[in-house]
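The following exchange between a biologist and a modeller examines helices, loops and charged side chains in turn.

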Amino acid sequence: MADEAEAAPAGEDVMETEALAVEPREQQQVEVAASLFPLASSSLSIPATPSAPQWLSNSSFTVDLSTVNVEVASLHSRDAELEPEWEEDREGEDKATAKASYELLESSGSDGDTRRERKRRSKKKKRKRERSRERADVGAEFGARKSGVRAWAGPDFKPAKEYYFDSHGDRDNLAFGSLYRMDVARYKPFSSDKGFGLGFGRSYQRKGSVFDRDEDIDALDSKLKSDGRYWSPRYSALERHKSYRRFRILAPKKSDDVVLDDFIPLSEAETSHESADGSSTLRTTIEESWEDKVLRKTREFNKMTREHPHDERIWLEFAEFQDKVSSMQPQKGARLQTLEKKISILEKATELNPDNEDLLLALLKAYQSRDSSDALIGRWEKILVQHSGSCRLWREFLHVLQGEFSRFKVSELRKMYAHAIQALSSACSRQSRQVNHIGGSPDKATTQLEVGLVDIFLSLCRFEWQAGYQELATALFQAEIEFSLFCPSLHLTELNKRRLLEHFWNSGGARVGEEGALGWATWLEKEEEDRQRVMKEESSLDDEKGGWTGWLEPPSRNAKTTEDAVEIPNAAFEELPEELEVEPEDLKQEDDTETLLKMLGIDADAGANVEVKDPSTWVRWSKEESSRDCDQWMPIHSEPAGTSPNDGKPDKEDDEQLQSVILYEDVSEFLFSLSSEEARLSLVSQFVDFYGGRISQSVCTNSSSWMEKILSLEAFPENISQHLRSVHDILAKAEICSNGHNSLEFLLSGENKLHQRTNMMTFLRNAALLCLNVFPRNYNLEEAVLIAEELSVTETNSSSNSATPCRVLAKSLLKKDRQDVLLCGVYARREAAFGNIDHARKVFDMALSSVEVLPPNLKSTAPLLHLWYAEMELSSGLDEGSESLSRAIHILTCFGSDVAYSPFKSLPSNLQLLRARRGFKERIKTVRSAWTIGAIDDQSVAIVCSAALFEELTVGWAAGIEVLDQSFSMVLPERRSNSYQLEFLYNFYSRMFRRHQKQLTLPKMWDMIIQGLQIYPFNPDLFSTLVDISHVYTTPNKLRWFFDSFSCKRPSVIVWLFALAFEMTKANSEHRIHGLFERALTNEKLRSSVVLWRCYIAYEIDVARNHYAARRVFFRAIHACPWSKKLWLDGFHKLSSVLTPKELSDLQEVMRDKELNLRTDIYEILLQDEGMS
């Protein structure tokens, strides 16, 4: 009993000590004044109670024993969190409290010891008060420390209010320079190994407790065995530990009745807690550890691959999971083992699915992470032998070769392009023969294969152009268009077709795009007619002579002289002795050249070893090289046989033009035939776009051709530039732009191509006019012809003129085909673009009035005409009561009510509007049935747009948006993502939102943009709309978060360009811009984007003013994109101040080694300098 009596006060002493953390000193002393078990009744008088003894009524006998664990847990959590420097003070307070509680139990025998103890404690308290007073004096001007703050509040503490408003700043932060440690909440992660039931008997020990010390778990570093906050090294290591399980606390779906006082039980099983009314409040689950997850996922993937071995999605997910496992492994050896496991998984998948391109590409990508360059190329070649008809595999293989700096050479890559085109052409021919044997038109598979072949051919032309071989790129286009579009209508074999084309190529006849070009077939017919006419003339001459014709007439003297003039020099040249082969004048000229070079300090025998010491010389060389690239892009015909090579021109000019001569042998191995209409039109459309023409988009932005074009950009095309300018103008109007010159377009705007662009537009106009013979009444091509005529005429004649530059050409085309009403519409739109609205209205009225008398197949073009006319009227705005608005309603009413069009006189009546609305509903029903089976064309999309525009103008924007929403529901999502017509419809949808953004709410507009970008993630129109709406209704950080998350999910050049364009207009965004460039160019696909590298270099030079950083970026750029001559020349143009002459000379040597086409010799610049001096 004595032991029990002694244990109780001790336990009470502990509990009372813990109460100091949350209660004032006065209240504590009152509570501990009465002892529970008095040992000396004479020392304390306690009034008797009639009911029961006082010790029986103590609350310790009525407490629920189930709460002991909770109390002990709170006790030890507080004990562990008390800092060591407070332990000494706490001991003093504990003893003082104990003395106050049991001072009546002291015996008289130990009175002297007690006095000495009291004296020692009083001195200690006095020193403590002096130290506190000194600290108070130091921070007097900032205010005193909060009184009574001794420890963190435990779980038993219940504040009077649930929260407080702190309206005054904490001046103690100024005194101490940081937050006071007792004012900051502490957090410690739960560890399942530290159960509250373990070591219960040792829980009262302050030192060595299981809750206060670290445990040796899986041999963790002993240096981490120290207390700390949740971000300390100790807990960071525990969080990363793979064998640890983690708790997840889940809130209920309906958490309206959650009580804040409810506790969260820490049990290993999943538990749920109910409130007083029985509703679930919180749910706690124990998550599996990382090692458990890896074992479980591996087991699941193994089971799924056994049950579904031909499901490539499961195999790809299994391989991607290995990447996640590898990311959690810090050791390189473990990561290599995981990579080997991934390769074995993909090898097994390709064995079971040998024709799946996704699995093959994933396997080759895994090989790329492990194998050397030579071994990787060998694996690629082995797979391409087995799958020679795959455009996707060939495209990826060419990308791998193009990005290998150590192996890159122009001739080697050109040879691989030839192999790819020949293999794909053979596959197309096999499929075409099979289709022709059955007796049908080209099927979908053949069409897709031919379109892919055209994309590979366009990649070849881009590569040749960017490597400096512009003449060869142009000749390739000319030869392929002649071979595919203008082939003679004769039943010829492939070999005979090539022989005839070689005859045409070497004859000197005008080719596609040149003045006087007729097309290969027409030229051949004309040549045959000329030959027949000559034969007839010769036969008629023979008949006129009459008499005996048995003797043959000897050749004339002139003919003999000409023949000798051609043949004798060659024969004589072979027979001349060596000392007579060179004329004295040539020797004299050569001596003069050598003497001049020696005067310049250049040794002609040293050749490339000559070192140029002035960097400005290399700058002038690069400018001359760029100028020649701009001028020399058109191939020159080889001289026909039998003509003199000089032809009265100087030898120097002949030498310069010799490089521009493209022989038939240079293009013959890249030719192929096309049988499908879609592939041939794709060739012409991409040809127009390649040379800077403006043609309506005929492919979806999700197509491989669009993505390949954007990835291979060296500069901004016109459509991308327009969107970037609009972003800059929008932000500038909102007074966000800090510097008008800091626009993304400004970085690459220093190139002057006026002369080149004028010649290109003339070349393009001639080629497109010739192609109209193959694709008659194609309004996209007609629009490209008129725009090319405008650009060529506008840039040559800058004088202001009210007449539209393309008016003469448009009228001449209309005279040839007066029933081409879509050409009338295209011409009227060009007149309106130049401000001639009245003239455009006359043309539209004439075209719509003549639709009724056209054949039925031409009446189907009426929806496009009505839509174009209405949009032209609304181009100035939707001002209520304006004449343009009334005209637009009249146009759409005539179309909807299906009545003959009449020119505008007055607003339509309500009855006419009702008929038009009913008519549009009937038309949309017809469109719905057609779209259900996949028959989507331009006319059906124009009907939907016209109906939505009619509802917008007559009822309101909500009705117009509802029409478009219903139309989108007609088509499946996968079909929407592959149709350029539906993408045009969605762009129309976004423009309607932008017109009424003031009436719409932000969530609705934001949902529209997000939904569109999920379907068309590379659409520049949607990104422009995103910036336009976001800068008004959201914060810049929200837009940044969107760009960051979207670029991680769907990285593309378009996303980064708009993110950079937004940041370029913001002040103090240098670090953000650097981060965007780095993240974009570290992406495996985007690192081959030349336009991003060039923008990065220009930004470092022109905006950041850090030439040394630009130098580092430049070397990274040429290593990633060694084929881009323009990128190499940027180093000479812009980095001459940080690159030494030796480095510039070495760069030119590397360019020659990579076989880039260099047109200028450095000696020419040195000779020019000497001439000027």
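**Salt bridges, helices and loops**

Modeller: In this predicted model, Glu677 forms a salt bridge with Arg680, and the closest N and O atoms are 4.0 Å apart.

Biologist: In which helix do Glu677 and Arg680 lie?

Modeller: The two residues are 3 apart, about one turn of the helix. An α-helix has 3.6 residues a turn, so residues three or four places apart point the same way. The helix that holds both Glu677 and Arg680 is α24, residues 677-690.

Biologist: Does Arg680 count as buried or exposed?

Modeller: Buried means under 20% relative accessible area. Its partner Glu677, at 46%, counts as partly exposed. Arg680 has a relative accessibility of 16% and therefore counts as buried.

Biologist: Which residue forms a salt bridge with Arg498?

Modeller: The closest N and O atoms of this pair are 3.9 Å apart. Both residues lie in helix α17 (residues 494-506), 4 residues apart, about one turn of the helix. Arg498 is partly exposed, with a relative accessible area of 22%, and its partner is partly exposed at 34%. The partner of Arg498 is Glu494.

Biologist: How many residues apart are Asp898 and Arg923, whose side chains meet in a salt bridge?

Modeller: The N to O distance in this salt bridge between Asp898 and Arg923 is 3.6 Å. The pair links distant parts of the chain, with Asp898 in the loop between α34 and α35 and Arg923 in helix α35. Arg923 is partly exposed, with a relative accessible area of 22%. Along the chain, Asp898 and Arg923 are 25 residues apart.

Biologist: What is the phi of Asp898 near?

Modeller: Asp898 lies in the loop between α34 (883-896) and α35 (910-932). Exposed means over 50% relative accessible area, and Asp898, at 61%, therefore counts as exposed. Phi is positive here in a residue other than glycine, with a value near 60°.

Biologist: Where does Arg1105 lie?

Modeller: Phi of Arg1105 is near 60°, a positive value in a residue other than glycine. At 61% relative accessibility, Arg1105 counts as exposed. Arg1105 lies in the loop between α45 (1090-1102) and α46 (1107-1120).

Biologist: Which residues are linked with Glu471 in a network of salt bridges?

Modeller: Side chains of opposite charge can pair when their charged atoms come close. The count for the model comes to 47 salt bridges. In this network, Glu471 is linked with Glu625, Asp629, Lys1125 and Arg1159.

Biologist: Which residues gather in a patch of positive charge on the surface?

Modeller: One member of the patch, Lys126, has its place in helix α5 (residues 111-138). The residues that gather in this patch of positive charge are Lys125, Lys126, Lys128 and Arg129.

Biologist: How far apart are the end C-alpha atoms of helix α33?

Modeller: Helix α33 covers residues 862-873 and has 12 residues. At 1.5 Å a residue, the helix should span 16 Å, and the distance in the model agrees with this. The end C-alpha atoms of α33 are 17 Å apart.

Biologist: How many of the 12 residues of α33 are buried?

Modeller: The buried residues of α33 include Leu864, His866, Trp868 and Glu873. The helix is mostly covered, and the number of its buried residues is 11.

Biologist: How many of the 12 residues of α43 are buried?

Modeller: Helix α43 (residues 1053-1064) reaches 16 Å from its first C-alpha to its last, close to the 16 Å expected at 1.5 Å a residue. Among its buried residues are Trp1056, Phe1058, Phe1062 and Glu1063. The helix is mostly covered, and the number of its buried residues is 12.

Biologist: How far apart in space are Ile421 and Ile456?

Modeller: Ile421 lies in helix α14 (residues 410-438) and is buried, with a relative accessible area of 0%. In sequence, Ile421 and Ile456 are 35 residues apart. From C-alpha to C-alpha, their separation in space is 7.3 Å.

Biologist: What distance separates the C-alpha atoms of Gly934 and Ser979?

Modeller: Gly934 is placed in the loop between α35 and α36 (938-954), and is partly exposed, with a relative accessible area of 37%. Gly934 and Ser979 are 45 residues apart along the chain. Their C-alpha atoms are separated by 9.9 Å.

Note on methods: Residues numbered from 1 in each chain as written. Predicted model: local features only at pLDDT ≥ 70, side-chain atom pairs only at ≥ 80, totals over all residues. Heavy atoms only, no water. Patch = residues over 30% accessible without salt bridge, like charges linked within 9 Å, V, L, I, M, F, W, Y side chains within 5 Å. Areas by Shrake-Rupley, 256 points an atom, 1.4 Å probe, with all protein chains shown as cover. Lys, Arg positive; Asp, Glu negative; His and termini not counted. Charge placed at Lys NZ, Arg CZ, Asp CG, Glu CD. Expected span 1.5 Å × (residues − 1). Buried < 20%, exposed > 50% of the residue type's maximum accessible area, 1.4 Å probe, protein only.
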